[in-house]
Amino acid sequence: MISTDFRLYGILDLGYVRPDDALSMARRMIAGGVKILQLRAKSQSLQTIRELAKAVAPICRESGVPFLLNDHPGLVAETGADGVHVGQDDMRVSEVRRIVGPDALIGLSTHSLEQAVAACDAAPDYIGFGPLFSTPTKPDYQPVGLGEIAKVHRRVPLPIFCIGGITLENLPEVLAAGARRVVIVSKILQAEDPSGYCRECSDLLNSSKARPEPRRAGGTSDRTRVG
Ligand code: TZP
Ligand code: MG
């Protein structure tokens, strides 16, 4: 279930963190207020991802932080992850659901208002929306811009995590544009004090006067409740 206090989503991206440092970084992010954590390891072997995921999962579990894998739905059950995040070019959400089961969380990346609206039919538990700004973490994508944030929140009754180029400095304007939840990758992982950075972002998110999210038509299941 994606609850309303899941407003800061952190990604343990091995493009920025060495596998040896990943566990301590996960602990620091959680201590700073990250409420969902994803392991993103685009250039590591399946074995490294499997081992790391098995080590990160209990750290998240003991803090009540859902832990998702980027890609690899087939590793979810084995590693004790709570779900998986997939992209537009990955396996379809319905197929992912068949693999991970009804209780796992599934996130889907979207990169335009059209993709975000189309995602409603696929029924993931949340969407990522962005990149808002250009970002070295996902360099080949056209930024969607702040102007789309309000529109996507009006049209998509799913939890929406804005992503891409978000920093402590631009977070106020991202929130003012209508964002309620954000993913921050490089700025957290490259911060001198990742925990403190998360805490400052988390405080801003929690003090923002975000409008309540719309509920899904026809009611919500426990897993998908956005409440
Ligand atoms: N998807 C859209 S933008 C992005 C992903 C994974 C990267 C976000 O990283 P950063 O470093 O916070 O810009
Ligand atoms: Mg993917």
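Visitor: How far is an oxygen atom of ligand 1 from an N or O atom in the side chain of Ser186?

Guide: They are 2.5 Å apart, in what is a predicted model. Read that as a polar contact (two N or O atoms within 3.5 Å; inside protein, one must be able to donate a hydrogen and the other to accept it, and sequence neighbours count only through two side-chain atoms). Thr135 also puts a polar side-chain atom 2.5 Å from a ligand 1 oxygen, while Gly165 uses a polar backbone atom, 2.7 Å from an oxygen of ligand 1.

Visitor: How much of ligand 1's accessible area does the protein cover?

Guide: 96% of the 370 Å² that ligand 1 has on its own, by Shrake-Rupley with a 1.4 Å probe.

Visitor: And what sort of residues make up the shell around ligand 1?

Guide: Four nonpolar, five polar and two charged, with Gly counted as polar. Among those surrounding ligand 1 are Arg40, Pro131, Lys138 and Ile184; a residue qualifies with a heavy atom within 4 Å.

Visitor: Which residue forms a salt bridge with Arg40?

Guide: Generally, side chains of opposite charge can pair when their charged atoms come close. Here the partner is Asp13, with the closest N and O atoms 2.8 Å apart. The pair sits 27 residues apart in the chain, Asp13 in β1 (8-13) and Arg40 in β2 (36-40). The structure holds eight salt bridges (Lys or Arg side-chain nitrogen within 4 Å of an Asp or Glu carboxyl oxygen).

Visitor: What about odd backbone geometry?

Guide: Most residues other than glycine have a negative phi, and most peptide bonds are trans. Yet Gly130 to Pro131 is cis, omega near 10°, and Pro131 lies in the loop between β6 (126-129) and α6 (147-155). His72 has a positive phi of about 60°, in the loop between β3 (67-70) and α3 (76-79). Helices (H or I, at least four residues) and strands (E, at least two) are DSSP runs, numbered from the N terminus.

Visitor: Any conventions?

Guide: Residues count from 1 along each chain as written, with chains lettered from A and ligands numbered from 1 in written order. Local features need pLDDT of at least 70 and side-chain atom pairs 80 or more, totals for chains, interfaces and linings use all residues, and side-chain values use heavy atoms, without hydrogens or water.
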